[in-house]
Amino acid sequence: MSVDLSEYLVGQALQSKRRQFGVLQKFYATSDRDDWRLAVAGERVEVIKPDKDHEGALEFGTELIGSEDRSLVALMGASPGASTAAFIALNVLKKCFPDRLTDSAWLPKLKEIIPTFGINLIEDAKACDRIRAETAPVLKIANL
């Protein structure tokens with residue numbers, strides 16, 4: 001996990017109530033503190049992993065941990081949110097079912113659901129341009 005994400009997560013955990021309300025005001029400038037109440041929406045979970053130099057290393061972030069026989073996998077840690085859900089689900093498939101990600105099994109359906117599956121859009125500029133042109137009208141955004 002990147003240092004930037006670790007710093008972000010620690011910063012979020014240590015924010016004062018005043019600072020939290022200040023962030024809200026960036027999105028809703030006319031908000032009045034008396035109209036709001038603080039509610040805990042959830043807790044972040046950290047991963048403590050074995051470390052050769054210490055008893056354990058505290059890590060912020062998300063990690064897939066799987067059994068050796070790939071029969072069980074768990075998502076551990078703090079996730080930035082739903083934006084990572086598809087990425088995490090695909091990593092579960094790669095970690096637990098690598099033998100099924102073939103042209104004769106699941107790969108054709110995955111490519112139908114996710115047309116860019118297996119394509120590096122950073123390296124393949126033509127594919128990136130094509131996908132942007134296809135998705136921009138559906139999302140009602142300008143094709144950049």
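Buried here means under 20% relative accessible area. Keep that cut-off in mind for the close-ups below, which come from a predicted model.

**View 1. The whole chain, before zooming in.** The protein's secondary structure adds up to five helices and four strands. Walk along the sequence and the order reads α-α-β-β-β-β-α-α-α. Of its 144 residues, 15% count as buried. About 11,500 Å² is exposed, with carbon and sulfur atoms supplying 57% of that area. As for contacts with a separation of 6 or more, 27% of them link residues 24 or more positions apart.

**View 2. Two cysteines, Cys 96 and Cys 128.** Cys 96 sits at 7% relative accessibility, so it falls under the 20% cut-off and counts as buried. Cys 128 comes out at 15%, and therefore it counts as buried too. How many disulfides does a search of the whole structure find? The search comes back with zero. For anyone wanting the reminder, a disulfide is a covalent bond between the sulfur atoms of two cysteines.

**View 3. Inside the second largest pocket.** This pocket has a volume of about 240 Å³. Which helix gives the most to its lining? That would be α2 (residues 17–27), which puts in five residues. The lining includes Lys 17, Gln 20, Phe 21, Val 23 and Leu 24. Also on the list are Gln 12 and Gln 15, along with Arg 33, Trp 36, Arg 37 and Leu 38. Sorted by class, the lining is a mix of five nonpolar, three polar and three charged residues.

**View 4. Ser 31 and its company.** Ser 31 belongs to the loop that runs between α2 and β1 (47–49). Is Ser 31 buried or exposed? Its relative accessibility is just 8%, so Ser 31 counts as buried. Setting aside neighbours within four places in sequence, Ser 31 is in contact with Phe 21, Leu 24, Gln 25 and Trp 36. Some of these names should ring a bell from the previous view: Phe 21, Leu 24 and Trp 36 are among the residues that line the second largest pocket.

**View 5. Met 76, out on strand β4.** Look for Met 76 in β4, the strand covering residues 73–77. With 38% relative accessibility, Met 76 counts as partly exposed, because that value lies between the 20% limit for buried and the 50% limit for exposed. Where does Ile 48 come in relative to Met 76? The two are 28 residues apart in sequence, and their C-alpha atoms are 9.8 Å apart in space.

Notes:
Residues are numbered from 1 along each chain as its sequence is written. This is a predicted model: local features need pLDDT of at least 70, side-chain atom pairs count only at pLDDT 80 or more; totals for chains, interfaces and linings use all residues. Side-chain values use heavy atoms; hydrogens and water are left out. A disulfide is a pair of cysteine sulfur atoms within 2.5 Å. Buried means under 20% relative accessible area, exposed over 50%, partly exposed in between (1.4 Å probe, protein chains only). Helices (H or I, at least four residues) and strands (E, at least two) are DSSP runs, numbered from the N terminus. Contact means heavy atoms within 4.5 Å. Accessible areas come from the Shrake-Rupley method with a 1.4 Å probe; for residues, only the protein chains shown count as cover. On a 1 Å grid over the protein atoms alone, a cavity is a set of points where a 1.4 Å probe fits but cannot get out, and a pocket is an open set with protein on both sides within 12 Å along at least five of seven lines; lining residues have an atom within 4 Å of a point. Grid points are joined across faces, edges and corners, and a volume is the space filled by probe spheres set on the points. Ala, Val, Leu, Ile, Met, Phe, Trp, Tyr, Cys and Pro count as nonpolar, Asp, Glu, Lys and Arg as charged, and the others, Gly among them, as polar.
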